[in-house]
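Trainee: Could you take me through one part of this structure slowly? I would like a close look at the largest pocket and at what surrounds it.

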Amino acid sequence: MKKFILLLPLLIMACTTLITGEVNWIQIGPNFKPTGKTLDVYAKKEEVRKVFAYVGVARIDNVTQKRDDMLAAVNALKKYCAKKGADAVIISQMVNDDNGQVSMSAHGIKYIDHLTEDDKAAIEEFKILGAVAI
């Protein structure tokens, strides 16, 4: 019984990790400052009615297909994209055939119709690094 009690916190931590997973990030645009505002959420890019550019893609693997777990994953993805300066996210998911869990991703996007001076500086820095500009 003592072993079980000692292992219980580790088991809880392991389950939490499986539910929310670790956020992986692929940077595909400039580094913008966080906006500090609530992000808009879209299910597909055709829903976005503003001019935008991609900032990057955040992904969490092995999310169980339960409402609360998927909602926690979406919130984690939104929070991560917000830290990268995104104004909105386009959420998608892919079912893992092996275990029935899903990989959830969020394409972080930046609206480019009203860029701040800091945003313009980030774009110029991105151009200098030799990457494709917005």
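Mentor: Happily; here is a walk from the pocket, through the sheet, to the nonpolar cores. Keep in mind throughout that this is a predicted model.

Let's set the scene first. The chain has 3 helices and 5 strands, and from the N terminus on these run α-β-β-β-α-β-β-α. Of its 134 residues, 33% are buried. Among the contacts between residues at least 6 apart in sequence, 74% join residues at least 24 apart.

Now to the pocket itself. The largest pocket has a volume of about 150 Å³. Its lining consists of Lys 33, Thr 35, Lys 37, Lys 50, Asp 87, Lys 110, Tyr 111, Asp 113, His 114, Thr 116, Asp 118 and Asp 119. By class, that lining divides into 8 charged residues, 3 polar ones and 1 nonpolar one. Strand 5 (102-111) and helix 3 (117-128) each supply at least two of the lining residues.

One lining residue deserves a pause: Asp 87, which is part of the lining of the largest pocket. Asp 87 is found in the loop between helix 2 and strand 4. Is Asp 87 buried or exposed? Asp 87 counts as buried because its relative accessibility is 6%, under the 20% cut-off. Leaving aside neighbours within four places in sequence, Asp 87 is in contact with Thr 35, Lys 37, Thr 38, Leu 39, Asp 40, Ile 109, Lys 110 and Tyr 111. Thr 35, Lys 37, Lys 110 and Tyr 111 also appear in the pocket lining.

From Asp 87 we can move to the strands. Strand 4 (88-95) pairs with strand 2 (residues 40-42) in the parallel sense, over 3 bridges, and in that pairing Tyr 42 stands opposite Ile 90. Strand 4 also pairs with strand 5, in the antiparallel sense, over 8 bridges. There, Val 95 has Val 102 as its bridge partner. The hairpin of strand 4 and strand 5 has 6 residues between the strands, and Gly 100 takes a positive phi near 75° in it.

Strand 5, which also contributes to the pocket lining, is joined to strand 3 by 9 bridges, and these two run antiparallel. In that pairing, Gly 56 stands opposite Gly 108. Strand 3 in turn pairs with strand 1 (residues 24-27) in the antiparallel sense over 4 bridges, with Trp 25 standing opposite Ala 58. While you are on strand 3, look at Asn 62, which is found there. Its phi is near 60°, a positive value in a residue other than glycine. Most residues other than glycine have a negative phi. Asn 62 counts as partly exposed because its relative accessible area is 31%.

Next come the nonpolar cores. The largest one has 22 residues, and Val 63, Leu 77, Cys 81 and Met 104 touch the most other members. Strand 3 (52-63), helix 2 (67-83), strand 4, strand 5 and helix 3 each supply at least two residues of this core. Helix 2 gives the largest share, 6 residues. Apart from this core lies another, of 6 residues, including Val 48, Ala 88, Ile 90 and Tyr 111. Two of those names should be familiar: Tyr 111 lines the pocket, and Ile 90 is the residue opposite Tyr 42.

Cys 81 gives a good view of how the pieces meet. Not counting residues up to four places away in sequence, Cys 81 touches Trp 25, Leu 39, Ala 58, Ala 86, Val 89, Ala 106 and Gly 108. So Cys 81 reaches both Trp 25 and Ala 58, the pair we met as bridge partners, by the contact cut-off of heavy atoms within 4.5 Å.

Ala 73 is found in helix 2 too. With 0% relative accessibility, Ala 73 counts as buried. Beyond four places in sequence, Ala 73 touches Ile 60, Val 63 and Met 104; Val 63 and Met 104 are among the residues that touch the most other members of the largest core. Ala 73 and Ile 60 are 13 residues apart in sequence, with a C-alpha to C-alpha distance of 7.0 Å.

Finally, return to helix 3, which supplies residues to the pocket lining and to the largest core. Lys 127 lies in this helix and is partly exposed, at 39% relative accessibility. Lys 127 and Gly 29 are 98 residues apart in sequence, yet 9.9 Å apart in space, C-alpha to C-alpha.

Terms used:
Residues numbered from 1 in each chain as written. Predicted model: local features only at pLDDT ≥ 70, side-chain atom pairs only at ≥ 80, totals over all residues. Heavy atoms only, no water. 1 Å grid on protein atoms, 1.4 Å probe; cavity = no way out; pocket = protein on both sides within 12 Å on 5 of 7 lines; lining within 4 Å. Points joined across faces, edges and corners; volume = space filled by probe spheres on them. Nonpolar A, V, L, I, M, F, W, Y, C, P; charged D, E, K, R; others polar. Core = buried A, V, L, I, M, F, W, Y, C linked by side-chain atoms within 4.5 Å. Buried < 20%, exposed > 50% of the residue type's maximum accessible area, 1.4 Å probe, protein only. Pairing = 2+ DSSP bridges.
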